[in-house]
Amino acid sequence: MKYSLYLLSALGAITSATPCPRQTSSNPSTDGLSFVIDGETRYFAGSNAYWLPFLTNNADVDLALDHIAESGLTILRTWGFNDVNTVPANGTVYFQSHANGVSTINTGQYGLERLDYVVSAAEQRGIKLIIPFVNNWDDYGGMDAYVNTYGGDKIGWYTNPDIQNAYQAYVEAVVSRYVDSTGIFAWELANEPRCSQCETSVINEWATETSAFIKSIDHNHLVAIGDEGMGLDGGSDYPYTSYEGNDFALNLAIPDIDFGTFHLYTADWGVTNNTWGNQWIQDHAAVCESLGKPCLFEEYGIKDAHCTDELVWQATSLATTGMAADLFWQVGDTLSGGQTANDHYTVYYGSSDWTCVVTDHVADITGA
């Protein structure tokens, strides 16, 4: 999802793959087309709350996670990146600065210590976090924060050796920090990586190298790409094409990628009929089934109309073989500073929309 700093605006022939060893012990794992969390093999519900590590009040983090856990949401995706080219005033959270050809990781009170608190608080509540390492979009720095100091352009981000060395150094720092945490569900290479009009080999080769690098550091946790699921057989609409440099099946076949991810925003993609989303879900699930890896419906939403076709998408995902979980975009809550950012996809805790999107959906999953 594309978002702004405080107020968001959203913007064939592969049939088998050799999966690498999956996780054991108390960490989330895969079992065929399903996820296993805390010994349970079933379908799971979750959401996105990108803003959690940027809160500076621990009580706000606790309150938000309490509400999420109490509601039966198990998987939560939040940003593990916040890149800047100019260090902000003290008290503003950032994770990494890029300037004068040097990248510096902020491990301090307003740096990765904020992510530390989120991970620890999630562990205590049995919430499992998905953490991506960089943003395709410019919000929170993104890939362009690297480009601004190392040169080139966003397309070259995937192949520039100086950029990739800095990126991998950050990946290693974050992964090593939480390698033993039971609060991590998965690492993601990026949020919505794109390489417009590139050969699909660009993202595929980068994802192959990066996922292997992560697994060399951490065999305890799952790894995914974090892509939108573009580049897919079954349709001719823009998201099905490889225009953005992605090939869903090719990338899912990478041995160190444990599950597939895809997103769904009909209006933002120029799709006028929301029922289109049901086929989008089913087509991804078919690829996941053919490769023997689970599919995660990782981001989805309809602006200001949550209790409509969004619920049909949930039901389709729950009923489709190959689908293992879904995470709506996004959780909203009222904290000490007021409401969290409202991008019109936001579903606020305690609202009537929360009842239909979360409470009823969790009940459908659990049979309650």
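I began with Asn204 and Asn251, whose side chains are joined by a polar contact of 3.0 Å; I keep in mind that this is a predicted model.

I then asked where Asn204 lies, and found it in helix α5, which covers residues 200–217. Is Asn204 buried or exposed? Its relative accessible area is 14%, and because buried means under 20%, I noted Asn204 as buried. Setting aside the neighbours within four places in sequence, I listed the residues in contact with Asn204 as Leu250, Asn251 and Ile254, so that Asn251, the partner in the polar contact, appears in this list too.

Next I turned to helix α8, residues 309–319, and wrote down its buried residues, which are Glu310, Trp313, Gln314, Thr316 and Ser317. They cover an arc of only 165° around the axis, and therefore they sit on the same side of α8. I recalled that an α-helix has 3.6 residues a turn, so residues three or four places apart point the same way. What do the buried residues of α8 pack against? I found the strands β12 (260–264), β13 (295–300) and β14 (323–328), together with the helices α7 (276–291) and α9 (352–366).

Last, I looked up the largest nonpolar core, which has 97 residues, and saw that Leu52 and Trp157 touch the most other members. For Leu52, again without the neighbours within four places in sequence, the contacts I noted are Val61, Ala64, Leu65, Leu76, Thr78 and Val118. There is also a second, separate core of 14 residues, and I entered Ile75, Ile130, Ala186 and Ala325 as being among them.

Methods
Residues are numbered from 1 along each chain as its sequence is written. This is a predicted model: local features need pLDDT of at least 70, side-chain atom pairs count only at pLDDT 80 or more; totals for chains, interfaces and linings use all residues. Side-chain values use heavy atoms; hydrogens and water are left out. A nonpolar core is a set of buried Ala, Val, Leu, Ile, Met, Phe, Trp, Tyr and Cys residues joined through side-chain atoms within 4.5 Å. Buried means under 20% relative accessible area, exposed over 50%, partly exposed in between (1.4 Å probe, protein chains only). Contact means heavy atoms within 4.5 Å. Helices (H or I, at least four residues) and strands (E, at least two) are DSSP runs, numbered from the N terminus. A polar contact is a pair of N or O atoms within 3.5 Å; within protein, one must be able to donate a hydrogen and the other to accept it, and residues adjacent in sequence count only if both atoms are side-chain atoms. The arc is that of the directions from the helix axis to the C-beta atoms.
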